[in-house]
Amino acid sequence: MSTALYPGTFDPITFGHLDILERALKLFDKIIITIAINPSKQPLFSMDERVDLIHKVLLERNIDKNVTVEGFEGLLVNFALKKNVHAIIRGLRAVSDFEYELQMALMNRRLADKVNTVFMMPHEKYTYLNSTIVKEVSKLGGDVSNFVPDVVKQALENKLS
Ligand code: ADP
């Protein structure tokens with residue numbers, strides 16, 4: 001049984017995240033979405049809200065048997081080792097992601113050699129998408145239905161109205 005971690009902030013989950021997740025499920029039997037508790041970031045959605053939204057979306061897509069969601073605090077590689085998982089999935093949208101991602105991947109490998117990072121490219125239509133821009137568009141009254149599932153769109157409207 002092959003398992004990978006898919007770490008991130010997921011504030012909130014978007015079609016870009018889901019594109020990577022569904023591609024990763026073709027390579028791994030099980031994915032653990034790991035939501036980082038990052039005290040320096042001020043997320044719009046609480047940890048419980050983010051977990052709840054992801055659960056709803058997984059259920060809708062019928063992938064809730066293969067994907068679990070967990071919050072974690074601390075070093076990602078320690079979490080990976082604790083879970084006996086040797087792959088970390090990251091999405092690469094554009095060259096601008098590359099430098100930071102390379103640094104993270106190499107540092108993580110230096111900390112734990114057996115933990116490898118697997119980079120995946122989303123469909124081109126999601127290369128410009130991130131949670132921040134979706135929040136911005138929603139806040140300004142734009143339609144985000146092409147970027148996030150309905151349940152997330154609703155949650156954004158409730159939060160930002
Ligand atoms: P982080 O704060 O770790 O970047 P995010 O929630 O923004 O957390 O992203 C989590 C992961 O999902 C990252 O690897 C990121 O590159 C990837 N990701 C986010 N949006 C997209 C997208 N539109 N296409 C591909 N990958 C994405």
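Let's start at Ala112, which sits in the loop between H4 and strand E5 (116-120). The model is a predicted one, and this alanine is a handy place to begin reading it. Ala112 is buried, with a relative accessible area of 7%. Setting aside residues up to four places away in sequence, Ala112 touches Val77 and Leu81. Ala112 and Glu99 are 13 residues apart in sequence, and their C-alpha atoms lie 20 Å apart in space.

**Along helix H4**

Stepping back from the loop brings us into the helix itself. Asn108 lies in helix H4 and is buried, at 11% relative accessible area. Once neighbours within four places in sequence are left aside, Asn108 is in contact with Leu76, Val77 and Ile88. Val77 is therefore a partner of Asn108, and Val77 also touches Ala112.

What do Val95, Phe98, Leu102 and Leu106 form on the surface? These residues make up a nonpolar patch, and together they have about 380 Å² of accessible area. Phe98 belongs to helix H4, which covers residues 95-111, and Val95 lies in helix H4 as well. As a general point, an α-helix has 3.6 residues a turn, so residues three or four places apart point the same way. Is Val95 buried or exposed? With a relative accessibility of 74%, Val95 counts as exposed, because the cut-off for that class is over 50%. Phe98 is partly exposed, with a relative accessible area of 41%. For a sense of distance, Val95 and Ile37 are 58 residues apart in sequence and 26 Å apart in space, C-alpha to C-alpha.

**Salt bridges**

Helix H4 also takes part in charge pairing. In general, side chains of opposite charge can pair when their charged atoms come close. The count of salt bridges comes to ten, and the table shows some of them.

| Pair | Closest N to O distance |
|---|---|
| Glu101 and Arg90 | 2.7 Å |
| Lys56 and Asp52 | 2.9 Å |
| Asp143 and Lys153 | 3.6 Å |

Take the pair of Glu101 and Arg90, which forms a salt bridge with its closest N and O atoms 2.7 Å apart. Glu101 lies in helix H4 and Arg90 in strand E4 (residues 87-91), so this pair ties together parts that are eleven residues apart in sequence. Glu101 counts as buried, at 6% relative accessibility.

The salt bridge between Lys56 and Asp52 has both of its partners in one helix, H2 (residues 47-60). Because Lys56 and Asp52 are four residues apart there, about one helical turn separates them. Lys56 is partly exposed, with a relative accessible area of 38%, and Asp52 is also partly exposed, at 36%.

Further along the chain, Asp143 forms a salt bridge with Lys153, with the closest N and O atoms 3.6 Å apart. Asp143 lies in the loop between helix H5 (131-139) and helix H6 (150-160), while Lys153 is in helix H6, so the pair ties together parts that are ten residues apart in sequence. Asp143 counts as exposed, with a relative accessibility of 51%.

**Helix H1**

Now to an element nearer the start of the numbering. How many of the ten residues of helix H1 (residues 15-24) are buried? Eight of them are, and the helix is mostly covered. The buried residues of H1 are Phe15, Gly16, His17, Leu18, Asp19, Ile20, Leu21 and Ala24. Thr14 caps the N-terminal end of H1, with a side-chain oxygen 3.1 Å from the backbone nitrogen of Gly16.

**Around the ligand**

The last stop is the ligand. Which of the 15 residues around the ligand come nearest? They are Tyr6, Thr9, Gly91, Tyr126 and Leu129. The side chain of Tyr6 has an N or O atom 2.8 Å from an oxygen atom of the ligand. The side chain of Thr9 likewise places an N or O atom 2.7 Å from a ligand oxygen. Leu129 works through its backbone, where an N or O atom lies 2.9 Å from a nitrogen atom of the ligand. On its own the ligand has 540 Å² of accessible area, and the protein covers 88% of it.

Terms used:
Residues numbered from 1 in each chain as written. Predicted model: local features only at pLDDT ≥ 70, side-chain atom pairs only at ≥ 80, totals over all residues. Heavy atoms only, no water. Patch = residues over 30% accessible without salt bridge, like charges linked within 9 Å, V, L, I, M, F, W, Y side chains within 5 Å. Areas by Shrake-Rupley, 256 points an atom, 1.4 Å probe, with all protein chains shown as cover. Salt bridge = Lys/Arg side-chain N within 4 Å of Asp/Glu carboxyl O. Helix = DSSP H or I, 4+ residues; strand = E, 2+ residues; numbered from the N terminus. Buried < 20%, exposed > 50% of the residue type's maximum accessible area, 1.4 Å probe, protein only. Contact = heavy atoms within 4.5 Å. Near = heavy atom within 4 Å. Polar contact = N/O pair within 3.5 Å; in protein donor to acceptor, adjacent residues only side chain to side chain.
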